[in-house]
Amino acid sequence: MSTLKVNTIQDTGGGSSSTPAQIASGRAKAWINFNGEGSISIRGSFNCSSISDNGTGDYTVNFSSSLGDVNYAAAGICGENTNDPNRYVGLQSYSATHFRVATNFPSHQRNDVGFVGLTFFR
């Protein structure tokens, strides 16, 4: 096995610099942007292999690579459109390999929404 030691990592254009310590301790380990209405679909993602529709306003995000343990942080936002501040995401369950989330009205009633964005840090 070989070891590669570097001070800075950059993309091929010379931008987007990160140090190995920044990557290990602060960069997102996974993120996803998906449509949660009708036929759910992923718009964009990193380290998320798929999503499951578990019922009205109830989704499971499956990670491509395990996050190692459950000691990670998640942040999320959801809504119908850009003028819809009356929805929120709530944790259903989680593991190192998946994260289950619900999208709700302020009354705690689950509702499918057109935009769900989640980011995971470890």
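**Exercise 1. Pairing around strand E4**

Which residue in E7 is the bridge partner of Asn62? Place the answer in the sheet to which these strands belong.

*Solution.* The structure is a predicted model.

Step 1. The bridge partner of Asn62 in E7 is His98. E4 and E7 pair in the antiparallel sense, over 5 bridges.

Step 2. E4 also pairs with E3, again in the antiparallel sense, over 6 bridges. Gly55 stands opposite Asp58 in E4. These two strands form a hairpin with 2 residues between them, and Gly57 in the turn has a positive phi of about 60°.

Step 3. E6 and strand E7 (residues 98-104) are joined by antiparallel pairing over 6 bridges. Here Tyr94 has Phe99 in E7 as its bridge partner.

Step 4. Together, 4 strands form an open antiparallel sheet in the order E3-E4-E7-E6. Strand E3 (48-55) and E6 stand at the edges, each with a single partner strand, so one side of each is left without a neighbour in the sheet. On average, neighbouring strands of this sheet are turned by 25° against each other, direction ignored.

**Exercise 2. The pairing of strand E1**

Determine which strands pair with E1, and describe the hairpin that E1 forms with E2.

*Solution.*

Step 1. E1 and E8 pair in the antiparallel sense over 6 bridges. In E8, Val116 is the bridge partner of Phe34.

Step 2. E1 also pairs with strand E2 (residues 41-46), in the antiparallel sense and over 5 bridges. Asn35 has Ser41 as its bridge partner in E2.

Step 3. The hairpin of E1 and E2 has 5 residues between the strands, and Gly38 takes a positive phi near 60°.

**Exercise 3. Val61 and the nonpolar core**

Is Val61 buried or exposed? Relate the answer to the strand that holds this residue and to the largest nonpolar core.

*Solution.*

Step 1. Val61 lies in strand E4. Its relative accessibility is 0%, so Val61 counts as buried. E4 itself is mostly covered, with 5 of its 6 residues buried.

Step 2. Leaving aside neighbours within four places in sequence, Val61 is in contact with Ile32, Phe34, Cys48, Ser50, Ile51, Thr97, His98, Phe99 and Leu118. Val61 and Leu118 are 57 residues apart along the chain, while their C-alpha atoms are separated by 9.2 Å.

Step 3. The largest nonpolar core has 17 residues, of which Phe34, Val61, Phe63, Leu118 and Phe120 touch the most other members. Strand E1 (28-35), E3, E4, E7 and E8 each supply at least two residues of this core. In soluble globular proteins, nonpolar side chains tend to be buried together.

**Exercise 4. Aromatic pairs of Tyr72**

How many aromatic pairs does a search of the whole structure find? Analyse the pairs in which Tyr72 takes part.

*Solution.*

Step 1. The search finds 7 aromatic pairs. Tyr72 and Tyr94 form one that is edge-to-face, at 6.0 Å centre to centre and with 80° between the planes. This pair links distant parts of the chain: Tyr72 is in the loop between strand E4 (58-63) and strand E5 (73-79), and Tyr94, 22 residues apart from it, is in strand E6 (residues 88-94).

Step 2. Tyr72 counts as buried at 13% relative accessibility, whereas Tyr94 is partly exposed with a relative accessible area of 40%.

Step 3. The ring centres of Tyr72 and Phe120 are 6.1 Å apart and the planes are at 80°, so this pair is edge-to-face. Phe120 is in strand E8 (residues 115-121), 48 residues apart from Tyr72, and this pair also links distant parts of the chain. Both Tyr72 and Phe120 are buried.

Step 4. Contacts of Phe120, apart from neighbours within four places in sequence, include Ala28, Trp31, Phe63, Leu67, Tyr72 and Phe99. One aromatic cluster is formed by Phe63, Tyr72, Tyr94, Phe99 and Phe120.

**Exercise 5. The cysteines**

Why is Cys78 too far from the closest cysteine sulfur for a bond? State the disulfide count and the burial of Cys48 and Cys78.

*Solution.*

Step 1. A disulfide requires sulfur atoms within 2.5 Å. By this rule the count is 0 disulfides. Cys48 is in no disulfide, its nearest cysteine sulfur being that of Cys78, 16 Å away.

Step 2. For Cys78, the closest cysteine sulfur is in Cys48, and because the two sulfurs are 16 Å apart, they are too far for a bond.

Step 3. Cys48 counts as buried at 8% relative accessibility, and Cys78 is buried with a relative accessible area of 7%.

Technical notes
Residues numbered from 1 in each chain as written. Predicted model: local features only at pLDDT ≥ 70, side-chain atom pairs only at ≥ 80, totals over all residues. Heavy atoms only, no water. Buried < 20%, exposed > 50% of the residue type's maximum accessible area, 1.4 Å probe, protein only. Phe/Tyr/Trp six-rings, centres within 6.5 Å; stacked < 30°, edge-to-face > 60°. Pairing = 2+ DSSP bridges. Axes fitted to C-alpha atoms, helices over the stretch in contact; angles between N-to-C directions. Contact = heavy atoms within 4.5 Å. Core = buried A, V, L, I, M, F, W, Y, C linked by side-chain atoms within 4.5 Å.
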